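Here's a quick tour of how the inside of this protein is put together, followed by a look at one of its pockets.

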Amino acid sequence: MSSDGIISFDNVWKKYSTRDIFHKSLREEISDMFRREAKERLAEGEFWALKGINLSIVRGECVGIFGPNGAGKTTILKLIASVTYPNQGEVTVLGRVAPLISVGAGFHPDLTGRENIYTNGTIIGMSIGEIKEKADSIIDFSEIEQKFMDMPVKKYSNGMNARLGFSIAIHSSADIILIDEILAVGDESFQAKCMSKIKELKSDNKTVVIVSHSKKKMEELTDRIIYIKSGEIINS
């Protein structure tokens with residue numbers, strides 16, 4: 001990784017299973033351990049979500065990841081966020097990460113919007129003092145009315161959850177912001193505000209990684225686009 005490098009994937013392979021993986025026998029666990037030594041060997045029901053991924057992202061870069069459904073885009077974000085880990089290869093991340101990987105990720109459905117600002121903010125590394133200082137700004141940016149902030153988020157629409165999650169993430173002091181499909185959520189005015197904020201993050205030397213089905217919007221926002229298909233990088 002270069003001196004400015006902040007994210008690096010070195011020959012990363014990641015597999016998933018369509019079977020229930022939570023109650024394996026000791027024999028199955030030992031069998032799996034040996035299978036990891038050979039990339040080409042998969043057990044029944046397993047598949048490679050990523051195959052030998054090599055990439056490097058430098059500090060302050062805004063990168064888009066584009067490709068069809070099931071290509072492995074969100075898996076890359078999850079590896080950067082340490083939500084999951086590679087079966088083979090190495091992922092290096094230098095800095096604090098604020099992930100917005102799915103709608104309402106990190107939210108507790110029975111807690112209110114206001115309470116989830118604190119719990120979610122803490123999860124992504126914000127201090128209580130920092131959250132208190134920024135709470136009003138987070139609510140204002142999300143455009144969620146105050147009367148809804150004391151309502152459990154399980155009653156929120158997907159758009160409300162996404163707006164609140166995005167607002168918390170971009171108010172953190174994280175070095176790396178991960179965004180999955182937020183550009184498809186909300187009305188045009190909110191999407192435009194999100195895009196403006198992402199440009200502002202870039203000017204503040206934040207590293208931003210965006211997954212979106214809107215290639216046109218990513219071309220406007222990002223420094224480069226990585227195209228991924230069937231778990232492999234086609235071009236970058």
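## Cores and a pocket

In this predicted model, the largest nonpolar core is built from 35 residues, and those with the most contacts inside it are I117, L164, F166, I168, I198, V208 and I210. Plenty of elements chip in: strand 3 (62-66), strand 5 (97-100), strand 6 (176-180) and strand 7 (207-211) each supply at least two residues of this core, and so do helix 4 (128-142), helix 6 (158-170), helix 7 (188-203) and helix 8 (215-221). Helix 6 gives the largest share, six residues.

What does L164 touch, leaving out residues up to four places away in sequence? Its partners are F107, G113, I117, I138, S142, I144, M149 and Y156.

There's also a second, separate core, with I7, L55, L77 and I80 among its members. Here are the two side by side:

| Core | Residues | Some members |
|---|---|---|
| Largest nonpolar core | 35 residues | I117, L164, F166 |
| Second, separate core | 24 residues | I7, L55, L77 |

As background, nonpolar side chains tend to be buried together in soluble globular proteins.

Now for the pocket. The second largest one has a volume of about 160 Å³. It's lined by 14 residues, and the closest to its centre are G70, A71, G72, K73 and T74. Strand 2 (46-58) and helix 2 (73-80) each put at least two residues into the lining, with helix 2 providing the largest share, three residues. By class, the lining of this pocket is a mix of six polar, five nonpolar and three charged residues.

Terms used:
Residues are numbered from 1 along each chain as its sequence is written. This is a predicted model: local features need pLDDT of at least 70, side-chain atom pairs count only at pLDDT 80 or more; totals for chains, interfaces and linings use all residues. Side-chain values use heavy atoms; hydrogens and water are left out. On a 1 Å grid over the protein atoms alone, a cavity is a set of points where a 1.4 Å probe fits but cannot get out, and a pocket is an open set with protein on both sides within 12 Å along at least five of seven lines; lining residues have an atom within 4 Å of a point. Grid points are joined across faces, edges and corners, and a volume is the space filled by probe spheres set on the points. Helices (H or I, at least four residues) and strands (E, at least two) are DSSP runs, numbered from the N terminus. Ala, Val, Leu, Ile, Met, Phe, Trp, Tyr, Cys and Pro count as nonpolar, Asp, Glu, Lys and Arg as charged, and the others, Gly among them, as polar. A nonpolar core is a set of buried Ala, Val, Leu, Ile, Met, Phe, Trp, Tyr and Cys residues joined through side-chain atoms within 4.5 Å. Buried means under 20% relative accessible area, exposed over 50%, partly exposed in between (1.4 Å probe, protein chains only). Contact means heavy atoms within 4.5 Å.
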